[in-house]
Amino acid sequence: MKNITVIGTGYVGLVSGAGLADFGNHVTCIDINFERITSLSQGKIPFFEPGLTEIVDRNVTAGRLQFGIEIAEAISNADVVFIAVWTPMDVDGSADLSAVEDVAKTIAENINSYTVVATKSTVPVGTGEMINQVISSTVEKDILFDVVSNPEFLREGAAVRDFLRPDRIVVGASSDQAADVMKDIYRPLYVNETPFIITDVPTAEIIKYASNAFLAVKISYINELANLCDATGADVHVVTRAMGLDGRISPKFLHPGPGFGGSCFPKDTRGLIRSARANSVEMKVVEAAADANDAQVVVVFQKLAKLAGDDLSGKRIAVLGLAFKANTDDIRESRAVALVDHLLNQKVEVAVYDPVAMPNMKKNYPDLIYCGSVKETLRDADAAVIMTDWNEFRGLDLATVGSLMKEKIIVDAKNLLSREQLASNGFAFECVGRPFRQ
Ligand SMILES: NC(=O)c1ccc[n+]([C@@H]2O[C@H](COP(=O)([O-])OP(=O)(O)OC[C@H]3O[C@@H](n4cnc5c(N)ncnc54)[C@H](O)[C@@H]3O)[C@@H](O)[C@H]2O)c1
């Protein structure tokens, strides 16, 4: 088992750090955000992620996991340094690699014996080579190192489980020695016969983008099909069930809705398109998926306008769900946020509720009406839109909902509610790809 330093303690860095400690390694997690490290040292987890508190506590108590800001010391003591910092979308759609580059420089200044530098951040193909050059240009010639790409596939909301029981581990390594070190730190998975894809660095970098973009394409495809179902009276859920029974297609990621959000799919589709362009390659399918996604939230807005009127100004619209999906407090690129922007442009009075994401939303949107419960959000609303698939929205008592609202209008953008019950309770409603015939 190895000494590991993880730089960046966001959703990926913190979960990976805790998971690697759970595998028996000694892990130090570092961040430039001093406040975050202070709270972590006091046992406070900075974001909502099911199961994370337990795994962090367990490994801190066992003495395998610690948090710090002394980056020089943490790097010089490490066998493996993971780069898990953010790589946000730049204005031109490419990944902003400035944090990755800064960290690479810091690593170069502090390694003093053979070290594996492993990138967990999602980075475009060629980044491993950039890191290699940054470190080579600074480090003493007799100090050896290897750059490895070890992309992360965890999903927010299920991140701990995904990290501990992944479908596969991808390691892009430039030497056998580095690949062996990586197998060693994931030893419990390696002996458990989790598939390991050992490859070169550029291939590993592309695997991550290829996987995310493929899933994004699947979502946009089903959303466009749902729009066709809406226009023709077909039921998209029956269509996707029949499609999913074909083993070549699989039923996963065939859920129509308001489009994909989060910190990965929107950024990584645009990032892949930019990478391809930089290499004079066209990625028309991915481009179309990204464009279709931008358009899908407008489809939801139009459904609302169809039911509640083209002039929404002054109306109170309840938005249920702000997180980009259930079981997370992450609102980055959330379609709910995009819808809120549309509503604010129309001078709508926006009342919102989300079980965990409201503190994040308040940072950028302090003036919305933040409600403590679903009922409070719906009271006197002219219409409601469901934007996140939280379980508590699935079980809404529609008789009560109807009695609270000013107008019985619901846009169910996640297809959570029963159309029959909506109809029998007198609602005017729209789902996605599920037109209702009495
Ligand atoms: N969130 C996901 O579901 C997910 C899944 C797979 C891969 N990824 C990728 O992993 C990377 C991290 O994503 P995230 O969601 O954890 O990000 P995040 O925004 O939650 O966390 C990033 C962390 O990096 C820290 N940081 C930034 N610059 C730093 C520096 N120079 N030195 C030290 N710390 C620094 C920030 O303070 C922050 O705590 C991204 O490239 C992302 O695309 C994310």
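In this predicted model, helix 5 (residues 98–110) has 13 residues, which at 1.5 Å a residue should span 18 Å, and because its end C-alpha atoms lie 19 Å apart, the expectation and the model agree. The protein around this helix contains 19 helices and 14 strands, and it is divided into domain 1 (3–198) and domain 2 (213–430). The points below begin with helix 5 and the ligand, and then turn to the whole protein, its domains and helix 12.

**Helix 5 and its surroundings**
- The buried residues of helix 5 are Val100, Val103, Ala104, Ile107, Ala108 and Asn110.
- An α-helix has 3.6 residues a turn, so residues three or four places apart point the same way.
- The cover over the buried residues of helix 5 includes three strands, namely strand 1 (3–7), strand 4 (80–83) and strand 5 (115–119), together with helix 4 (71–76) and helix 6 (127–136).

**The shell around the ligand**
- Helix 5 also takes part in the shell around the ligand, to which helix 5 and helix 1 (11–22) each supply at least two residues.
- There are 25 residues around the ligand, and those that come nearest are Gly8, Gly10, Val12, Ser121 and Thr122.
- Sorted by class, this shell holds 11 nonpolar, nine polar and five charged residues.

**The whole protein**
- For 438 residues, a compact globule would have a radius of gyration near 22 Å, and the value for this protein is 24 Å, which agrees.
- Along its principal axes, the C-alpha trace spans about 75 × 45 × 40 Å, and buried residues make up 48% of the 438 residues.
- Among contacts with a separation of 6 or more, 72% are between residues 24 or more positions apart.

**The two domains**
- The centres of domain 1 and domain 2, taken over C-alpha atoms, are separated by 33 Å.
- The contact between them takes 14 residues from domain 1 and 16 residues from domain 2, and on the side of domain 1 that touches domain 2 the residues divide into eight nonpolar, four polar and two charged.

**Helix 12**
- Helix 12 (residues 265–278) has 14 residues and should span 20 Å at 1.5 Å a residue, which agrees with the 20 Å between its end C-alpha atoms.
- Because 10 of its 14 residues are buried, helix 12 is largely enclosed by the rest of the structure, and the buried residues include Phe265, Lys267, Asp268, Arg270 and Leu272.
- What covers these buried residues includes helix 10 (201–232) and helix 13 (284–308).
- Just after helix 12, Ser280 takes a positive phi of about 55°.

Conventions. Residues are numbered from 1 along each chain as its sequence is written. This is a predicted model: local features need pLDDT of at least 70, side-chain atom pairs count only at pLDDT 80 or more; totals for chains, interfaces and linings use all residues. Helices (H or I, at least four residues) and strands (E, at least two) are DSSP runs, numbered from the N terminus. The expected span of a helix is 1.5 Å times one less than its number of residues. A residue is buried if 20 or more other C-beta atoms lie within 10 Å of its own, exposed if 12 or fewer, and partly exposed in between; C-beta atoms are placed from the backbone. Two residues are in contact if their C-beta atoms, placed from the backbone, lie within 7 Å. A residue is near a molecule or strand if its C-beta atom, placed from the backbone, lies within 6 Å of it. Ala, Val, Leu, Ile, Met, Phe, Trp, Tyr, Cys and Pro count as nonpolar, Asp, Glu, Lys and Arg as charged, and the others, Gly among them, as polar. Domain bounds come from an automatic or database domain assignment. The radius of gyration is taken over C-alpha atoms; the globule rule is 2.2 Å times the number of residues to the power 0.38.
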